[in-house]
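Q: Hey, I'm new to this one. Can you walk me through it?

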Amino acid sequence: MAFKFNNSLQRDTPIVFNLLIINILAYLAQILVKPFNITEWGALHYIKSSLFYPHQFITNMFLHDPNGLTHILFNMFTLWMFGTILERYLGSKRFLIFYLICGVGAAVCIQLSIPFSADQFAKSPEAIAHGMSTADLVFAYKEQYSAIGASGAIMGIMAAYAYLFPNTELYIMFIPLPLKAKYVIPFFILLDLFMGVRQIVGDNVGHFAHLGGALVGFLLIYYWNKTNRKTFY
């Protein structure tokens with residue numbers, strides 16, 4: 001799929017440009033296409049759930065929360081901010097491969113984490129209050145669990161950025177001083193680790209997706225770049 005609007009973003013970083021367009025179109029389809037539920041069809045479900053289909057390993061990374069703009073706006077802004085730089089560095093073909101591998105890696109990490117999350121959920125006071133047995137709570141969690149969003153692939157991009165350009169200064173919201181990428185991005189990764197293990201009920205952020213994407217992104221860029229240290233500073 002290619003969209004031609006003759007702008008610098010499309011000319012210099014066509015993969016980022018097309019990813020932005022595809023995600024926006026998918027978001028609009030989630031809202032406008034009725035009665036077919038695109039979100040449920042494309043969201044990643046647990047592999048043992050009756051709602052799971054193999055295509056969800058790919059489709060989940062192009063869908064976002066249809067009930068608000070925050071999810072997609074934040075993800076697309078971050079994709080533009082870091083993705084354009086990484087695409088120029090890697091080249092468009094390799095960047096697309098990188099993005100998809102990170103997204104699938106995030107999905108695999110989600111699948112591995114669901115049993116842990118289900119057990120933690122079943123032990124929470126909020127879940128116990130429903131009066132169901134632990135086994136039933138675990139089963140219900142695994143059956144109904146779903147994940148959507150480009151965050152896993154984008155965290156892979158951020159991890160690669162921190163590795164390649166560790167001393168680049170970034171401005172973070174509400175912090176008036178610039179901070180280096182090698183401090184900011186690992187901090188967010190560690191925060192995801194803490195929040196993922198903590199398993200706060202009502203927290204709908206895919207922390208394990210972020211961790212999986214970041215890990216795959218780091219390992220992949222490390223492998224690709226280990227013989228070329230000239231750009232590392």
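A: Sure. Cys102 is buried here, with a relative accessible area of 0%. Buried means under 20% relative accessible area, exposed is over 50%, and partly exposed is in between (1.4 Å probe, protein chains only).

Q: Where do these values come from?

A: This is a predicted model: local features need pLDDT of at least 70, side-chain atom pairs count only at pLDDT 80 or more, and totals for chains, interfaces and linings use all residues. Residues are numbered from 1 along each chain as its sequence is written, and side-chain values use heavy atoms, with hydrogens and water left out.

Q: Back to Cys102. Why is there no bond from its sulfur to the one in Cys109?

A: The two sulfurs are 12 Å apart, which is too far for a bond, and Cys109 holds the closest cysteine sulfur to that of Cys102. A disulfide is a pair of cysteine sulfur atoms within 2.5 Å. Cys109 is in no disulfide either.

Q: How many disulfides turn up in the whole structure?

A: Zero, after a search of the whole structure.

Q: What touches Gly217?

A: Cys102 again, along with Phe98, Gly156 and Ala160, leaving aside neighbours within four places in sequence. Contact means heavy atoms within 4.5 Å.

Q: Where is Gly217, and is it buried or exposed?

A: Gly217 sits in helix 11, residues 207-225. Helices (H or I, at least four residues) and strands (E, at least two) are DSSP runs, numbered from the N terminus. Gly217 counts as buried because its relative accessible area is 0%.

Q: And what about Met155?

A: Met155 belongs to helix 9, residues 151-164. Met155 is buried too, at 8% relative accessible area. Not counting residues up to four places away in sequence, Met155 touches Ile189, Asp192, His210, Gly213 and Ala214.

Q: How far is Met155 from Gly213, C-alpha to C-alpha?

A: Their C-alpha atoms are separated by 5.5 Å, with the two residues 58 apart along the chain.

Q: Which residues does Thr78 contact?

A: Gly83, Ile154 and Met158, again leaving aside neighbours within four places in sequence. Thr78 lies in helix 5, residues 70-90, and is buried because its relative accessible area is 6%.

Q: New topic: what does the side chain of Ser49 reach?

A: The backbone oxygen of Glu143, at 2.9 Å. Ser49 touches both Lys142 and Glu143, not counting residues up to four places away in sequence.

Q: Where is Ser49 in the chain?

A: In the loop between strand 1 (44-45) and helix 4 (56-59). Ser49 counts as buried, with 7% relative accessibility.

Q: What's on the outside, say around Ile31?

A: Ile31 helps make a nonpolar surface patch of about 440 Å², together with Ile24, Leu25, Leu28 and Leu32. Patches are made of residues with over 30% relative accessible area and no salt bridge: like charges are joined within 9 Å, nonpolar side chains (Val, Leu, Ile, Met, Phe, Trp, Tyr) within 5 Å. A salt bridge is a side-chain nitrogen of Lys or Arg within 4 Å of a carboxyl oxygen of Asp or Glu. Accessible areas come from the Shrake-Rupley method with a 1.4 Å probe, and for residues only the protein chains shown count as cover.

Q: How exposed is Ile31?

A: Ile31 counts as partly exposed, because its relative accessibility is 34%. Its place is in helix 2, residues 14-32.

Q: Which form does the peptide bond from Lys34 to Pro35 take, cis or trans?

A: Cis, with omega near 0 degrees. Most peptide bonds are trans. Pro35 is in the loop between helix 2 and helix 3 (38-42).

Definitions and conventions: A polar contact is a pair of N or O atoms within 3.5 Å; within protein, one must be able to donate a hydrogen and the other to accept it, and residues adjacent in sequence count only if both atoms are side-chain atoms.
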